[in-house]
Amino acid sequence: MAGIKSLAKDTAIYGLSSIIGRFLNWCLVPLYTIMFPAAEYGIVTYIYSIVALALIILTYGMETGFFRFANHDRYKDPMEVYSTSLISLGVSSTVFIALVMVFIRPISAWMDSAHHESFIIMMAIAVALDAFTAIPFSYLRFAKRPMRFAALRLINIAINIGLNLFFILICPWLWRQAPGWIAWFYDPDFGIGYIFLANLVSSAVNLLLLIPELRGFPWRFNPRLWREMLVYSAPLLVLGVAGIMNQTIDKILFPILFPDKATAMSQLGIYGANYKIAIVMVMFIQAFRFAYEPFIFARSKDRGEDKLQSYRDAMKWFVIFAMVIFLGVMFYLDILRHFIAASYFSGLKVVPIVMIAEFFFGIFFNLSLWYKLTDRTVWGMWFSLFGLGVTLLLNVLLVPRYGYMGCAWAALGCYGAMMVASYIAGRIKYPIGYNVPRLAFYFFSALLLWFFAELIAFGHRPWLNMIIRTPLLIAYIFMALRMEHVGLRDLLPRRR
């Protein structure tokens with residue numbers, strides 16, 4: 001239980017930076033759309049979509065590789081693994097920046113951004129810095145220093161948000177009032193370039209703040225270790241690329257597949273806005289992931305039943321907490337829906353489907369420990385490619401008939417299929433012995449509570465719904481705690 005408490009605490013700390021970061025970045029979207037024309041904001045959206053893919057490629061699975069080999073019996077010195085990883089990513093990130101600089105004209109022409117070469121250069125440097133600093137951040141997780149991890153993330157977010165507000169809101173006002181004050185550094189025609197500049201500065205400050213993690217140990221490069229890490233991590237690269245595609249391919253294909261081309265983009269906007277409501281589940285899974293990878297690799301050194309029981313407990317509590325989040329969002333959707341405009345409310349029906357889809361992805365991530373611990377990461381690659389195939393097939397079949405609801409059902413089918421496939425393979429390759437009936441009970445009892453709450457809902461009296469649903473949520477929590485023989489005193493920190 002002590003290990004699970006530590007996992008829960010680290011998840012909460014990692015989740016703080018993830019939740020705040022995602023929320024604040026989400027809050028910037030209205031600012032961008034108000035201050036810039038749609039055509040300019042389209043450039044931002046497009047470049048950032050390329051950045052998401054580039055970051056996966058530039059880290060090439062080395063984060064998970066670092067955790068694996070830092071806990072490997074064959075390599076006794078974790079700092080040698082750390083140093084090898086840093087040198088590998090440092091060299092590849094530097095080469096990437098150099099290639100972008102040399103081939104900036106054909107790259108910008110390929111990206112239909114021939115007049116925005118500076119934007120591409122800034123983001124190339126920023127994404128290279130982020131790829132390199134991914135290893136120091138992984139080291140903080142390995143060293144169980146979640147407070148410093150979260151603090152650095154929050155500083156990065158604060159700088160990015162602050163610079164966005166300064167360049168996009170304050171500087172235009174100063175330019176109108178007293179242009180001489182800022183003429184030496186501010187150009188109003190640079191426009192959306194300041195979004196990329198803010199990102200670059202925050203990434204550079206991140207690197208400076210991480211200097212303590214880059215000192216105090218011998219920098220050694222072990223070629224044999226590096227080759228083994230590449231073999232281990234290469235399938236994770238394919239897994240990551242397929243994972244990004246699983247998240248974005250529906251939005252890319254929707255305008256092509258939706259039969260009414262005149263309303264395709266507005267329908268996609270409704271889907272995208274309501275997808276944001278389900279981001280609470282995504283944030284929980286991200287926070288859990290930050291804490292879970294160091295947890296499972298540290299436990300891999302244990303022997304016997306205790307190790308397997310730790311994995312079972314982690315899965316069990318993940319399901320319980322995820323279902324509490326699901327019920328919390330669905331029970332209070334009458335309040336949460338006001339984060340988007342009323343004209344988007346017609347798409348609220350996708351929220352439960354998307355949340356369950358993300359929950360299935362979280363289960364899949366839990367199950368992924370078997371191929372990571374046994375150095376069979378190629379299985380993760382096959383699962384992700386399988387999921388991508390399911391996504392493509394279901395979108396092609398469902399979107400023309402059901403619109404954006406087809407996108408939501410395709411996401412559910414994709415992650416559900418990946419979850420089932422990983423579970424079946426894991427039972428053969430690395431049996432953990434999960435208590436599937438109990439996990440299913442927690443899942444379906446949450447669904448039944450939600451169905452019941454919807455059945456007795458008062459359409460135009462949200463306050464009355466809150467009065468009824470709050471006791472149901474509390475009852476679910478107490479039921480889970482009682483079944484797991486956990487009292488309220490167990491959840492409180494013990495006094496020394």
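A residue is called buried when its relative accessible area is under 20%, exposed when that value is over 50%, and partly exposed in between. With that scale in hand, the reader can go through this structure, which is a predicted model, from the chain as a whole to its interior and then to its surface.

The chain is built with 20 helices and zero strands, and of its 496 residues 51% count as buried. When contacts with a sequence separation of 6 or more are considered, 82% of them link residues that lie 24 or more positions apart. Towards the outside, the chain exposes about 23,800 Å², and carbon and sulfur atoms supply 69% of that area.

In the interior, the largest nonpolar core comprises 98 residues, and the members that touch the most other members are Val319, Phe326, Leu327, Met355 and Phe359. Helix α12, which spans residues 305–331, gives the most to this core, contributing 15 residues. The surroundings of Phe326 can be listed in detail: once residues up to four places away in sequence are set aside, Phe326 touches Met281, Pro352, Met355, Ile356, Leu447 and Trp450. Apart from the largest core lies another core, of 21 residues, which includes Met123, Ala131, Ile157 and Phe196.

Helix α14, covering residues 350–367, deserves a look of its own. Its 18 residues reach 26 Å from the first C-alpha to the last, which is close to the 26 Å expected at 1.5 Å a residue. This helix is mostly covered, for 17 of its 18 residues are buried.

Met483 brings the opening definition into use. This residue has its place in helix α19, which runs over residues 462–483. Because its relative accessibility is 25%, Met483 counts as partly exposed, a value that falls between the limits of 20% and 50%. Leaving aside neighbours within four places in sequence, Met483 is in contact with Arg438, Phe441 and Tyr442. Of these partners, Arg438 is 45 residues away from Met483 in sequence, while the two C-alpha atoms are 9.6 Å apart in space.

The surface, finally, carries a nonpolar patch formed by Val91, Val95, Leu99, Met101, Val102 and Phe103, which together have about 550 Å² of accessible area. One of these residues, Val91, is placed in helix α4, which covers residues 78–102. As a general point about such elements, an α-helix has 3.6 residues a turn, so residues three or four places apart point the same way.

Notes: Residues are numbered from 1 along each chain as its sequence is written. This is a predicted model: local features need pLDDT of at least 70, side-chain atom pairs count only at pLDDT 80 or more; totals for chains, interfaces and linings use all residues. Side-chain values use heavy atoms; hydrogens and water are left out. Patches are made of residues with over 30% relative accessible area and no salt bridge: like charges are joined within 9 Å, nonpolar side chains (Val, Leu, Ile, Met, Phe, Trp, Tyr) within 5 Å. Accessible areas come from the Shrake-Rupley method with a 1.4 Å probe; for residues, only the protein chains shown count as cover. A salt bridge is a side-chain nitrogen of Lys or Arg within 4 Å of a carboxyl oxygen of Asp or Glu. Helices (H or I, at least four residues) and strands (E, at least two) are DSSP runs, numbered from the N terminus. Buried means under 20% relative accessible area, exposed over 50%, partly exposed in between (1.4 Å probe, protein chains only). Contact means heavy atoms within 4.5 Å. A nonpolar core is a set of buried Ala, Val, Leu, Ile, Met, Phe, Trp, Tyr and Cys residues joined through side-chain atoms within 4.5 Å. The expected span of a helix is 1.5 Å times one less than its number of residues.
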